[in-house]
Amino acid sequence: MSTLSEQLADAVQNARNVPREVAEKLLIDVAGLCVAARNTDYVSAALAGWEASGGCTAIGHSRTLDAAGAAFVNGTAAHGEDFDDSFEGGPVHAGAVVVPAVLAVAERERLSGRDALLGIAVGVEVMCRASLVAPKLIHKAGFHPTAVLGAMGAAASVATALRLSRNHFVNALGIAGSMAAGIIEYLAEGAWTKRMHPGWAAQSGIRAAELARAGFVGPRAVFEGAHGLYHGFARTTEGDWEKLIGGFGERWVANSLAFKPYACGTMTQPYVDCARRLAEKGVRAEEVVEMVCEAAEGTVHRLWEPLADKQRPPNAYFAKFSQPYCIAAGFVLGHAGLEAFTEERVRDERLRSLAAKVRYEIDPDNPYPDEFTGHVRARLKDGRTLEERQGHLRGGRNEPLSRADIEEKFRLNCAYGGWSAARAERFLAFARQAFDSRIDLSPFRS
């Protein structure tokens, strides 16, 4: 009987109706995020910490790197502000892994845009589908699903873009399983390691595909084996494997990718919308006695606890994974964009004072992770109680952002990162035809 990796390899060979529009949106969104983060300290450290140079582009930087290095830096930058795409049901951030991996290899090998397009589509599909096999269990075991499943998606994307043989594709996945990694201890103090997880997964996928092409052998049952990926990272070998392989290459779950309107954790986004609507009713922060939010049990350990720390985040990156802070930002600032997560802003006593009044109650009927919902109930000094609910993620499958929305987000991110409007428009022109010609990012190296 064929293993899951072998079935995936066969499905890739017969893939049709490749979702080009999604791939173009991902290319635009990822590039804009790379530009927005290009002057940050963590991107500077990622660039300085990579030794090998080469002919591949780290978007927005003059220094060129080898393919693995470009994928690492671009993946780290794209995810660094937690403003990148997400997949509901996972959740995983596929674009920040797969797009940098494919762009780097496409640039190095001068691949056709058609090969790059198929590589991106397959890699995103592998990541998203793999996240549905054992929902919540990878997080529960202490690992970051984007990091773990990203290595697999990147390997599949690069092997596909390079048109590797069936056997090499299977070996690439098998090898990537031993490169997958990423713990979630960053939550304790706002450390930077989550930022590098997509970049590390992207370069791991490149390494795995290159080793496979050179003849290195990996385990064929890397997903479902008794000591396979899910046994190691989800503590199970009883996953819903049909979610991974059923209709692969025919029915694209990537079409339902969510693009974020706010620069913070995915599950937090609907809560920010609710907080904004409360403020729009004319309520002032000083009138609020407390805000109580219904929350899914599966989100509490990442976004709500320890509550005292979440109510008073020690740094800007920690604040991105603080529901109380993000709700306060939405209420006071009217947004949770990049400007809401600076070191100066996170010390703003208006935000800290309101965040200290925000707490949660577990909702046992919350549909997470199938849906990301929001709820804020505010009790005011005059005795009134005002409440807002949102049953879905804005920007997700129930209320997607349009191509125009994605392009406008890109322009704003480019301006934030110091690109001129003219350069931003040149990249948008490139993105519209990137999959019809060879990938060349050299005009976007500074």
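Phe427 and Phe444 are both buried, a label given to residues with under 20% relative accessible area (over 50% is exposed, in between is partly exposed; 1.4 Å probe, protein chains only). The model is a predicted one, where local features need pLDDT of at least 70 and side-chain atom pairs count only at pLDDT 80 or more, while totals for chains, interfaces and linings use all residues. Residues are numbered from 1 along each chain as its sequence is written, and side-chain values use heavy atoms, with hydrogens and water left out.

Now for the rings. Across the whole structure, a search turns up 17 aromatic pairs. Rings of Phe, Tyr and Trp (its six-membered ring) pair if their centres lie within 6.5 Å, with planes under 30 degrees apart counted as stacked, over 60 as edge-to-face and the rest as tilted. Trp304 and Tyr360 make a tilted pair, because their planes sit at 40 degrees, with ring centres 5.3 Å apart. This pair ties together distant parts of the chain, 56 residues apart: Trp304 is in the loop between α14 (297-303) and α15 (307-311), and Tyr360 is in strand β4 (residues 358-362). Helices (H or I, at least four residues) and strands (E, at least two) are DSSP runs, numbered from the N terminus. Trp304 and Tyr360 are each buried. Phe427 and Phe444 pair up edge-to-face, at 4.9 Å centre to centre and 65 degrees between the planes. Ring pairs also link these two with Phe410, Trp419 and Phe430 into a cluster.

Strand β5 (residues 374-380) is mostly tucked away, with 5 of its 7 residues buried. Strand β3 (residues 288-295) runs antiparallel to β5 and is joined to it by 4 bridges; two strands pair if DSSP finds at least two bridges between them. One bridge partnership sets Glu290 against Arg379 in β5. Strand β6 (residues 385-390) also runs antiparallel to β5, with 6 bridges joining them. Gly374 stands opposite Gln390 in β6.

As for empty space, the largest pocket holds about 390 Å³. A pocket here is an open set of points on a 1 Å grid over the protein atoms alone, where a 1.4 Å probe fits, with protein on both sides within 12 Å along at least five of seven lines; lining residues have an atom within 4 Å of a point. Of its 18 lining residues, Phe83, Pro261, Gly337, Lys409 and Leu412 are the closest to the centre. Helix α19 (residues 403-416) gives the most to this lining, chipping in 6 residues.

Key. Points joined across faces, edges and corners; volume = space filled by probe spheres on them.
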